[in-house]
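Me: I should be grateful for a close look at a single part of this model, namely the sheet and what lies around it. Please explain it in a connected way, for a first-year student.

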Amino acid sequence: MTAAVEALVSGLGIDIDPELLVLALTHRSFAHEAGGIPTNERLEFLGDTVLGLVVTEALYRRHPELPEGDLAKMRAATVSQRALARIARSLHLGDYVLLGKGESHSGGADKDSILSDTLEAVFGAAYLCHGLEPARALVERLVDPTLEMAADLGAGLDWKTSLQERAALLGLGAPQYICEGEGPDHARTFTATVLLDGRAYGVGTGAAKKHAEQDAAEAAYRTLEAEAARSAKRS
């Protein structure tokens, strides 16, 4: 494991105590099979707070003209599971995560939920080792491209809110979400269907209910856009 830790530290560009880094990489499925050793969940909890603080402050300083609502949407897009998983993949973080056999065989090393949680745990480990400012530098370096893109995402900042606003304008009422999950707790997949005025407009999937609903909302929003475009052409 030492060589793997050294390779990851090199990619992160910051020294992290090897034992703490291994803890940050320890998924609960591995910990369970290893007899109940500590997991990365406490570090994830800490790292989530560090990430939120750094991103919130960065957005506040970079966009003095924007109201709180827009900043909140940009923050949500920046720290979303999908966005963090993309960053984790750029670091090949999935190659280093310690997973149980079942989770490993089911493709856990490339699941958005596991990758994003592990990245947050790494942020937590960096904070414990060096304090806020070095941890801030790490977070900003990794999330900065996402922060820049967030300013241009428009409706994609929050698909559920955007869909609700569009549906209200069209007189379709509030979106209703039907969500079902399948699979074991450690590898659960959710499928969400969004209804507008009783009609299914979009379906989405994800490792968490909220992510499946966001995917469904995006699909429904794009359906409404396509219908509006076809209506405009007929006119």
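**The sheet and its surroundings**

Reply: Helix 11 lies across strand 1, strand 2 and strand 3, and its direction makes an angle of about 140 degrees with strand 3. The model is a predicted one, and the description below should be read with that in mind.

It is useful to place this part within the chain. The secondary structure amounts to 11 helices and 3 strands. Along the sequence the pattern is α-α-α-α-α-α-α-α-α-α-β-β-β-α, and the C-alpha atoms fill a box of roughly 65 × 45 × 25 Å along the principal axes.

Consider now the sheet itself. Strands of a sheet pair through backbone hydrogen bonds, and the pairing may be parallel or antiparallel. Here 3 strands form an open sheet in the order 1-2-3, with antiparallel pairing. Strand 1 (176–182) and strand 3 are at the edges; each has a single partner strand, so one side of each is left without a neighbour in the sheet. On average, neighbouring strands of this sheet are turned by 20 degrees against each other, when direction is ignored.

The two pairings can be followed residue by residue. Strand 1 and strand 2 are joined in the antiparallel sense over 7 bridges; within this pairing, Y177 has V194 of strand 2 as its bridge partner. Strand 2 (residues 189–196) also pairs with strand 3, in the antiparallel sense and over 7 bridges. There T193 has V203 of strand 3 as its bridge partner, while A192 is matched with G204 of strand 3.

The connection between strand 2 and strand 3 deserves attention. These strands form a hairpin with 2 residues between them, and D197 lies in this loop. Most residues other than glycine have a negative phi. D197, however, has a positive phi near 55 degrees and is a residue other than glycine. A second case occurs away from the sheet: H92, in the loop between helix 6 and helix 7 (101–105), is not a glycine and yet has a positive phi of about 55 degrees.

The sheet region also takes part in the largest pocket, which holds about 850 Å³ of space. Elements giving two or more residues to the lining of this pocket include strand 3 (199–206), helix 11 (209–234), helix 8 and helix 9 (132–150). Helix 11 gives the most, with 7 residues. The lining has 33 residues in total, and A76, S80, Q81, R82 and H211 lie nearest the centre of the pocket. By class, 10 of the lining residues are nonpolar, 9 are polar and 14 are charged.

One of the other contributors, helix 8, allows a simple check of geometry. At 1.5 Å a residue, the 19 residues of helix 8 (residues 112–130) should span 27 Å, and the C-alpha atoms at the ends of helix 8 are 27 Å apart, which agrees. Helix 8 is followed by G131, whose phi is positive and near 90 degrees.

To draw the picture together: strand 3 stands at an edge of the sheet, and helix 11 lies across strand 1, strand 2 and strand 3. Both strand 3 and helix 11 give two or more residues to the lining of the largest pocket.

Technical notes. Residues numbered from 1 in each chain as written. Predicted model: local features only at pLDDT ≥ 70, side-chain atom pairs only at ≥ 80, totals over all residues. Heavy atoms only, no water. Helix = DSSP H or I, 4+ residues; strand = E, 2+ residues; numbered from the N terminus. Expected span 1.5 Å × (residues − 1). 1 Å grid on protein atoms, 1.4 Å probe; cavity = no way out; pocket = protein on both sides within 12 Å on 5 of 7 lines; lining within 4 Å. Points joined across faces, edges and corners; volume = space filled by probe spheres on them. Nonpolar A, V, L, I, M, F, W, Y, C, P; charged D, E, K, R; others polar. Pairing = 2+ DSSP bridges. Axes fitted to C-alpha atoms, helices over the stretch in contact; angles between N-to-C directions. Contact = heavy atoms within 4.5 Å.
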